[in-house]
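Hi,

Here is the structure I promised to send over. Have a look at it first, and then read on for what turned up when I went through it.

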Amino acid sequence: MGLLARLLSEDTAKSVVAVACESLNELVQDVGPAALLPRLKQIVEATVALASNQAPCQTLLGADEEDGDEDGDHDNVLMDNVADLCGGLCKVAGGSIGADAADALFRAFSRFAQPGRPASDRAMALGCFAELCVELPPPLAAERHFATLQPLFSAACRDPSPAVTRNAAFGLGALCKAAPVPARAVVAEALQALYPLVAKADGAPEERRSADRAAADNALAAMCRICAGDVASAPCDQVLGLVLPQLPLLEDAGENATVVELLVALAATGHASLQTHTDAVRRALAQCLQQEKIDEKLARDQAMALLQQLGGAPA
């Protein structure tokens, strides 16, 4: 780990640093926090420097000059790997990363989210922010940066690029779920930002259908996350009416587990919306199970149990 960390902060070849980021991300997932924490500060500082375009491989005259026209490709691969490493560090370190380091990561990647950046940069930044909201404790991420991230994610849902809107939808749902108290005031606005992605996918031309459908799946899952974060006050009845007929989600089938999570939460509280939509819930769960579209075993088991509880036949 020490060697990989030094490559991040010292090597002058972008291609080498990109591979080092990828390898380090895989390594920290394997070894866990005990091995990561002693070097966490060093790795975070190197990650921030890379995201800020201040690492030796980005600033030294002649770095990677032998690559000529391929240097732009190296930049894209490098920054994608840096963003992945950022999410991986936060997943393993959690709250141990600290507020200062978390703030530094948000600041470093914020330049990529600016409207003038290429769609690939904006999608990367939004995805990184979303992962930080998922992996870090709310006081370090979702709650601390809610006032900045909520309008950013909402506005990005209107972007012409489906890669951007997909990550924006995921981020908006993750943000509101992790910070339900500040989200309460903007639930209607968030749902209004997400709904057009669903409608857009229904009429998408053939060449965009898959990409727009994936963005719509993330939007539907984001609506479920928003409701799951605050089932008492969120418009769960309206959301179920929109989400259930769309199941199973096909372009991003992993998000079917997100829908199941909401349904289980509603059942646990005896929420009236579940009674209103009992027949539709039974049909949706049965279809998801029969078509094997729920990947996670826990969610699959919960779906089967809820289906039986609602009087449906076991899949």
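**Where α9 meets α10**

Let's start with a helix pair: from α9, the residues F146, L149, Q150, F153, S154 and A156 make contact with V164, T165, A168, G171, L172 and L175 of α10. By class, that contact is made up of 8 nonpolar and 4 polar residues, with no charged ones. Before going further, please keep in mind that this is a predicted model.

As for the geometry, the axes of α9 (residues 146–156) and α10 come within 8 Å of each other and cross at roughly 145°. The crossing of these two helices is left-handed.

If you want one residue to click on here, try L149, which sits in helix α9. Is L149 buried or exposed? Its relative accessibility is 2%, so L149 counts as buried, the cut-off for that being under 20%. Leaving aside residues up to four places away in sequence, L149 touches F106, F129, C133 and L175. L149 and L175 are 26 residues apart along the sequence, while their C-alpha atoms are 7.8 Å apart in space.

**The pockets**

You'll probably want to look at the open spaces too. The largest pocket holds about 330 Å³ of space. It is lined by 17 residues, and those closest to its centre are D84, G127, C128, E131 and F170. Three helices give two or more residues each to this lining: α6 (71–93), α8 (119–135) and α10 (162–178). Which element gives the most to the lining of the largest pocket? That is α6, with 6 residues. Sorted by class, the lining of the largest pocket has 8 charged, 5 polar and 4 nonpolar residues.

The second largest pocket has a volume of about 270 Å³. Its lining has 15 residues, with K177, R225, T258, E261 and E296 nearest the centre. The elements giving two or more residues to this second lining are α8, α10, α15 (256–269) and α18 (297–309). Here the largest share comes from α10, with 4 residues. By class, the lining of the second largest pocket has 8 nonpolar, 3 polar and 4 charged residues.

R225, one of the residues nearest the centre of that second pocket, is worth a click as well. It is found in helix α13. With a relative accessible area of 13%, R225 is buried, because anything under 20% falls in that class. What does R225 touch, not counting residues up to four places away in sequence? The list is F170, G173, A174, K177, E255 and T258. Two of these names will look familiar: K177 and T258 are also among the residues nearest the centre of the second largest pocket.

**One cavity**

How many cavities of 30 Å³ or more does a search of the whole structure find? It finds 1, and the volume of this cavity is about 40 Å³. The residues lining the cavity are C176, P180, A183, R184, V187, I226, G229 and D230. Helices α11 (180–183) and α13 (206–229) are the elements that give two or more residues to that lining. The lining of the cavity divides into 5 nonpolar, 1 polar and 2 charged residues.

**Backbone oddities**

Most residues other than glycine have a negative phi, and most peptide bonds are trans. A few spots in this model go the other way, and here they are.

- The peptide bond joining L247 and P248 is cis, with omega at about -5°. P248 is in the loop between α14 (236–243) and α15.
- N53 is not a glycine, yet its phi is positive, near 65°. You'll find N53 in the loop between α4 (40–51) and α5 (56–59). At 37% relative accessibility, N53 counts as partly exposed.
- E292 is another non-glycine residue with a positive phi, of about 55°. Its place is the loop between α17 (278–290) and α18. E292 has a relative accessible area of 67%, so it is exposed, the cut-off for that being over 50%.

That's what I have for now. Shout if anything is unclear when you open it up.

Cheers

Note on methods. Residues are numbered from 1 along each chain as its sequence is written. This is a predicted model: local features need pLDDT of at least 70, side-chain atom pairs count only at pLDDT 80 or more; totals for chains, interfaces and linings use all residues. Side-chain values use heavy atoms; hydrogens and water are left out. On a 1 Å grid over the protein atoms alone, a cavity is a set of points where a 1.4 Å probe fits but cannot get out, and a pocket is an open set with protein on both sides within 12 Å along at least five of seven lines; lining residues have an atom within 4 Å of a point. Grid points are joined across faces, edges and corners, and a volume is the space filled by probe spheres set on the points. Ala, Val, Leu, Ile, Met, Phe, Trp, Tyr, Cys and Pro count as nonpolar, Asp, Glu, Lys and Arg as charged, and the others, Gly among them, as polar. Buried means under 20% relative accessible area, exposed over 50%, partly exposed in between (1.4 Å probe, protein chains only). Contact means heavy atoms within 4.5 Å. Axes are lines fitted to C-alpha atoms, for helices over the stretch in contact, and angles run from 0 to 180 degrees between N-to-C directions. A crossing is left-handed if the near helix is turned anticlockwise from the far one by less than a right angle, and right-handed if clockwise.
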